[in-house]
Amino acid sequence: PPMPERAPLDFVVIGAQKAATSWLYLCLRDHPGIHVPPSKLEREYLGGSEHAEKGTEWFLRQLGTPEPGQVVGDVSVQYQGNPRSPAAVAAIAPAARVVLLAREPVDRALSAHAWLLRRGLTSEHDPVAALRHALADEAAGRDTPFVDLLTRGDYHLHLARWIDQFGPEAIYVERYDRVAQDPAGVIEGIYAFLGVDPSVRPASLGERPKQNARSKVLLAAERMAPRARVVRWAMNRLNQVAARVAGPAPPPPLPADLRAALDARFRDGRARLDALLEGVPASQRPACPFAEAWASQS
């Protein structure tokens with residue numbers, strides 16, 4: 001009988017937003033055995049509104065043309081939170097592998113607030129006020145960009161859909177903080193999971209492509225700049241230079257009452273994430289439970 005046609009996609013990186021997915025994209029692109037789109041896509045993902053409008057053939061064109069034998073993947077933080085995406089990926093790649101980098105939810109929300117400012121999606125400059133808005137809006141049942149700061153950290157809810165679709169054996173989860181501690185070990189584990197040579201050391205291993213410099217001058221310039229991809233790339237480069245010159249910009253300290261409220265908001269989700277990952281092979285998840293690791297960061 002003829003050999004079955006190979007699926008056009010072997011893996012997806014589903015996020016999380018502000019959890020080193022741009023770094024991971026660059027390291028994947030650097031590996032000679034891996035093909036990812038020529039530039040990191042975000043809106044152009046399976047299950048998204050553009051895919052629904054333009055179709056799967058359109059999406060496959062966005063991936064570009066791999067070399068023979070390369071493992072083909074896609075990277076978008078939008079995959080994580082879209083309930084339509086697991087089935088949309090499975091429709092063309094039923095054996096796809098799924099990679100998630102997860103960041104402590106409060107730190108992720110703080111970083112995401114700075115990103116919302118850079119993108120002009122909020123006018124609230126104070127992250128403390130933004131997170132108070134988020135808790136209040138969520139309690140009132142309002143769907144706002146502030147609430148999105150919280151719900152993107154509900155990894156247990158999002159990941160459960162991917163496990164239901166592809167099974168626990170197809171899942172690989174790593175912590176964001178380990179990228180800073182041991183980037184070579186993180187990328188070696190992901191390469192091995194994807195079935196490519198894990199000994200390759202990517203040129204982008206030490207890159208931090210999406211730092212927030214928190215410069216008011218850069219922030220104002222970026223908000224006024226056109227939304228063209230080349231302009232976004234240039235502004236990112238300026239942020240990286242500013243962050244290197246001034247040093248990393250740590251997130252601002254949170255008042256004790258707000259930190260306690262946010263920790264309470266995410267406590268159950270952290271425990272549920274650890275319970276969910278008990279079915280994932282030990283080599284495909286962090287050795288230290290998320291609740292324990294993230295408690296030390298709170």
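Two strands count as paired if DSSP finds at least two bridges between them. On that basis, this predicted model contains an open sheet of five strands, in the order S2-S3-S1-S4-S5, with parallel pairing. Strands S2 (34-35) and S5 stand at the edges of the sheet. Each of these two has a single partner strand, so one side of each is left without a neighbour in the sheet.

The sheet can be followed from the S2 edge to the S5 edge. S2 runs parallel to strand S3 (residues 71-75), and two bridges join them. Within this pair, His-35 stands opposite Val-72 in S3. Helix H11 (residues 183-194) packs on the sheet and touches S1, S2, S3, S4 and S5. The direction of H11 makes about 165° with that of S4.

S3 is mostly covered, with five of its five residues buried. In a regular strand the side chains alternate between the two faces of the sheet. Both faces of S3 are covered. On one side lie Val-71, Gly-73 and Val-75, on the other Val-72 and Asp-74, and all of them are buried. Here a residue is called buried when its relative accessible area is under 20%. Val-72, the residue opposite His-35, is thus placed on the side of S3 that also holds Asp-74.

After S3 in the sheet order comes S1. S1 and S3 pair in the parallel sense over three bridges, and Phe-11 stands opposite Gly-73 in S3. Strand S1 (residues 11-13) also pairs with S4, again in the parallel sense and over three bridges. In this second pairing Val-12 stands opposite Val-98 in S4.

Strand S4 (residues 97-102) has five of its six residues buried, so it is largely enclosed by the rest of the structure. S4 pairs with strand S5 (residues 171-175) in the parallel sense, over five bridges. One bridge in this pairing involves Ala-102, whose partner in S5 is Arg-175. With S5 the other edge of the sheet is reached.

Two further places can be examined, a pair of helices and a single histidine. Helix H7 (residues 127-139) and helix H14 (residues 256-277) pack at an angle of about 45°, with their axes 11 Å apart. That angle makes H7 oblique to H14. H7 passes H14 in a left-handed crossing. From H7, the residues Val-128, Leu-131, Arg-132, Leu-135 and Glu-138 take part in the contact. They meet Asp-257, Leu-258, Ala-261, Leu-262 and Arg-265 in H14. By class, the contact of H7 with H14 has six nonpolar, no polar and four charged residues.

The histidine is His-51, which lies in helix H2 (residues 49-54). Is His-51 buried or exposed? Its relative accessibility is 13%, and because the limit for a buried residue is under 20%, His-51 counts as buried. Leaving aside residues up to four places away in sequence, His-51 touches Tyr-45, Leu-46, Thr-56, Trp-58, Phe-59 and Ala-88.

Notes. Residues numbered from 1 in each chain as written. Predicted model: local features only at pLDDT ≥ 70, side-chain atom pairs only at ≥ 80, totals over all residues. Heavy atoms only, no water. Helix = DSSP H or I, 4+ residues; strand = E, 2+ residues; numbered from the N terminus. Buried < 20%, exposed > 50% of the residue type's maximum accessible area, 1.4 Å probe, protein only. Contact = heavy atoms within 4.5 Å. Axes fitted to C-alpha atoms, helices over the stretch in contact; angles between N-to-C directions. Parallel < 35°, antiparallel > 145°, perpendicular 65-115°, else oblique. Left-handed = near helix turned anticlockwise from the far one by under 90°. Nonpolar A, V, L, I, M, F, W, Y, C, P; charged D, E, K, R; others polar.
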